[in-house]
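Student: I'm new to this structure and would like a close look at one part of it. Could you take me through the sheet, strand by strand, and then through whatever sits around it?

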Amino acid sequence: MKPDGHPITPAGFAALRARYDHLLGTERPAIVEIVSWAAGNGDRSENGDYLYGRKRMREIDRELAFLARRMKAARVVDPMRQEDRSRVLFGATVEIADEDDARRVLTLVGDDEQDASKGLIGWSAPIAKALRGARVGDLRVVRLPSGEKEWEIMSISYPDAAG
């Protein structure tokens, strides 16, 4: 991990925080209540509510620990504040075209907020690494499992502060 942390957008960080708060403030207390109630019902070895509750509590605790580590390592980068809007940097929305002029629109976001179905590509994904620093008109080669593919940068945009 770099000392400057994992980049993440303000919205991505808010989503991590919301998930953490929901688990800690809502889900975990509800499971604790079920486990306490089930423990009072006698034989724990055959009590499904108790066994499931303990298992779910361990899952929640693991996820809480994971989210806490991710938030601690995160570096919030606001794409609206990007000064150099002529290059592909964190938070850029990029339109790319391949040799057949098939076009895709991608937004480079933190790894914790990637969602390929929405065109959100994690910062450390191969295509994001290949596009970093590119300008409109540049050609970039991306190494994919199926082989190399060349993309041309058609446009670069960032969200506006006045929005």
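Tutor: Let's start with a pair of strands: S6 (residues 139-144) and S7 (residues 147-157) run antiparallel and are joined by six bridges. Keep in mind as we go that this is a predicted model. S6 and S7 make a hairpin, and two residues lie between them. You can pick out individual partners here: Arg140 is bridged to Trp151 in S7, and Val141 has Glu150 as its bridge partner in S7. As background, strands of a sheet pair through backbone hydrogen bonds, and they can do so parallel or antiparallel.

Now zoom out to the sheet. It is an open sheet of five strands, in the order S5-S4-S3-S7-S6, and its pairing is mixed. S5 and S6 stand at the edges with a single partner strand each, so one side of each has no neighbour in the sheet. Direction ignored, neighbouring strands of this sheet are turned by 45° against each other on average.

Next, have a look at the loops. Between strand S3 (93-97) and strand S4 (103-109) there is a loop that holds Asp101. Asp101 isn't a glycine, yet it has a positive phi of about 65°. Its relative accessible area is 46%, so Asp101 counts as partly exposed.

Moving back along the chain, the loop between strand S2 (74-76) and S3 is where you'll find Gln82. The side chain of Gln82 reaches the backbone nitrogen of Asp84 at 3.3 Å. Leaving out residues up to four places away in sequence, Gln82 touches Leu89, Phe90 and Tyr158.

Phe90 deserves a stop of its own. A search of the whole structure finds one aromatic pair. That pair is Phe90 and Trp123: the ring centres are 5.5 Å apart and the planes are at 80°, so it is edge-to-face. Phe90 lies in the loop between S2 and S3, while Trp123 lies in the loop between strand S5 (120-122) and helix H3 (126-131), so the pair ties together parts that are 33 residues apart in sequence. Both Phe90 and Trp123 are buried. Trp123 has another visitor too: the charged end of Arg132 sits over its ring, 4.0 Å from the ring centre.

Phe90 also leads us to Thr9, which is in the loop between strand S1 (6-8) and helix H1 (10-39). Leaving out residues up to four places away in sequence, Thr9 touches Phe90, along with Val76, Val77, Pro79, Val109 and Glu113. Thr9 has a relative accessible area of 10%, so it is buried. Its side chain reaches the backbone nitrogen of Gly12 at 3.0 Å.

To finish, let's step over to the helices. Leu67 is in helix H2 (residues 48-73). With a relative accessibility of 4%, Leu67 counts as buried. Leu67 and Arg17 are 50 residues apart in sequence, but C-alpha to C-alpha they are 8.0 Å apart in space. Again leaving out residues up to four places away in sequence, Leu67 touches Leu16, Arg19, Tyr20 and Leu23.

Notes. Residues are numbered from 1 along each chain as its sequence is written. This is a predicted model: local features need pLDDT of at least 70, side-chain atom pairs count only at pLDDT 80 or more; totals for chains, interfaces and linings use all residues. Side-chain values use heavy atoms; hydrogens and water are left out. Helices (H or I, at least four residues) and strands (E, at least two) are DSSP runs, numbered from the N terminus. Buried means under 20% relative accessible area, exposed over 50%, partly exposed in between (1.4 Å probe, protein chains only). Two strands pair if DSSP finds at least two bridges between them. A polar contact is a pair of N or O atoms within 3.5 Å; within protein, one must be able to donate a hydrogen and the other to accept it, and residues adjacent in sequence count only if both atoms are side-chain atoms. Contact means heavy atoms within 4.5 Å. Rings of Phe, Tyr and Trp (its six-membered ring) pair if their centres lie within 6.5 Å; planes under 30 degrees apart count as stacked, over 60 as edge-to-face and the rest as tilted. A charge sits over a ring if NZ of Lys or CZ of Arg is within 6 Å of the ring centre and within 35 degrees of the ring normal. Axes are lines fitted to C-alpha atoms, for helices over the stretch in contact, and angles run from 0 to 180 degrees between N-to-C directions.
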